[in-house]
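Hi everyone, thanks for coming. Today I'd like to walk you through the pockets of one protein, so let's bring it up on the screen.

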Amino acid sequence: MTYIQLSYGDLVLPALLVVMDGVFSLVLRLKLEKQLAIATVRMVVQLVLVGYVLTFLFAAVSPLWTALAALIMVLFASREIVARQKRRLPGVWKYGLGAGCTLLAAGTVTMFALLTELRPDPWYHPRYALPLLGMMLGNTMTGISLGLDVLTNSLVRERAAVEACLALGGTRHQALLPVVRDALRSGFMPIMNSMAAIGVVSLPGMMTGQILAGVEPVDAVKYQLLIMFLIAGGTGLGTLAAVMGGARLLTDHRHRLRLDRIPAEKSA
């Protein structure tokens with residue numbers, strides 16, 4: 001079975017659904033039509049460019065080009081993590097913590113899948129490495145950004161309780177433990193919700209794409225299970241590393257809370 005090819009002309013009619021959303025915004029005076037138009041144009045341009053870039057990378061099968069593309073993806077993911085924070089970490093850690101934890105988590109599980117389960121030839125083949133890394137980055141980025149956001153906001157909100165625990169002789173690990181647990185729960189929750197609802201409430205994107213491309217549903221399920229296991233592991237590893245790293249940055253070796261290291265909340 002072959003997949004059904006689409007031309008750009010075939011996308012005109014579905015695009016009218018986005019125009020419909022813009023009409024709703026105008027009629028209801030939501031003032032979202034400009035943002036919707038910009039987001040739509042960006043989406044189209046970015047996806048078309050990615051299509052051509054991936055075509056080049058798949059033909060080149062170069063470890064250098066593949067590594068460069070992966071690095072760019074990680075940098076953009078770290079930028080998104082920073083953009084989602086109300087209170088940002090200081091200095092180089094503003095980007096460094098998110099980028100490092102994202103690379104650690106997404107890179108580790110992607111390498112694990114390539115070397116142990118998929119085993120393409122060569123192992124760094126961009127047709128397998130880059131889509132896998134992209135899925136890992138997207139979900140890991142969400143977990144890390146949620147975890148760090150809850151950590152910083154909770155420390156500001158619970159400052160009195162944390163400092164009281166420290167004043168009574170508790171270590172920074174003891175004082176921050178409730179806040180760290182809340183941050184980790186928040187980071188883990190999206191993937192847990194996805195795992196609970198998958199296959200019942202919705203069919204995941206990768207599985208749907210494979211079925212539309214002609215893959216047997218049972219084989220598509222196996223691939224989707226592999227991806228979900230990898231995403232769960234990557235999200236857990238990345239969120240844990242980011243939250244623990246953030247907690248360490250916001251305290252010092254003398255077991256003091258250092259909220260002076262983060263600026264005030266961004267204005268709307």
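The place to begin is between the two domains: domain 1 (7-60) and domain 2 (62-261) each contribute residues to the lining of the largest pocket, so that pocket lies between them. Please keep in mind that this is a predicted model.

How big is the largest pocket? Its volume is about 960 Å³. There are 25 residues lining the largest pocket, and if you want to find its centre, look for Q46, V50, I72, M73 and F76, which are the closest to it. Three elements give two or more residues to this lining, namely α2 (33-60), α3 (63-83) and α5 (126-157). Which of them gives the most? That is α2, with 10 residues. As for chemistry, the lining of the largest pocket splits into 18 nonpolar, 3 polar and 4 charged residues.

Now let's move to the second largest pocket, which holds about 560 Å³ of space. Here 14 residues make up the lining, and R127, P131, M206, G209 and Q210 are the ones nearest the centre. You'll meet α5 again here: together with α8 (205-212) and α9 (217-249), α5 is an element giving two or more residues to the lining of the second largest pocket. In fact, α5 supplies the largest share of that lining, 5 residues. By class, the second largest pocket is lined by 10 nonpolar, 3 polar and 1 charged residues.

So, if you rotate the model yourselves later, start from α2 for the largest pocket and from α5 for the second largest. Thanks, and I'm happy to take questions!

Methods
Residues are numbered from 1 along each chain as its sequence is written. This is a predicted model: local features need pLDDT of at least 70, side-chain atom pairs count only at pLDDT 80 or more; totals for chains, interfaces and linings use all residues. Side-chain values use heavy atoms; hydrogens and water are left out. On a 1 Å grid over the protein atoms alone, a cavity is a set of points where a 1.4 Å probe fits but cannot get out, and a pocket is an open set with protein on both sides within 12 Å along at least five of seven lines; lining residues have an atom within 4 Å of a point. Grid points are joined across faces, edges and corners, and a volume is the space filled by probe spheres set on the points. Helices (H or I, at least four residues) and strands (E, at least two) are DSSP runs, numbered from the N terminus. Ala, Val, Leu, Ile, Met, Phe, Trp, Tyr, Cys and Pro count as nonpolar, Asp, Glu, Lys and Arg as charged, and the others, Gly among them, as polar. Domain bounds come from an automatic or database domain assignment.
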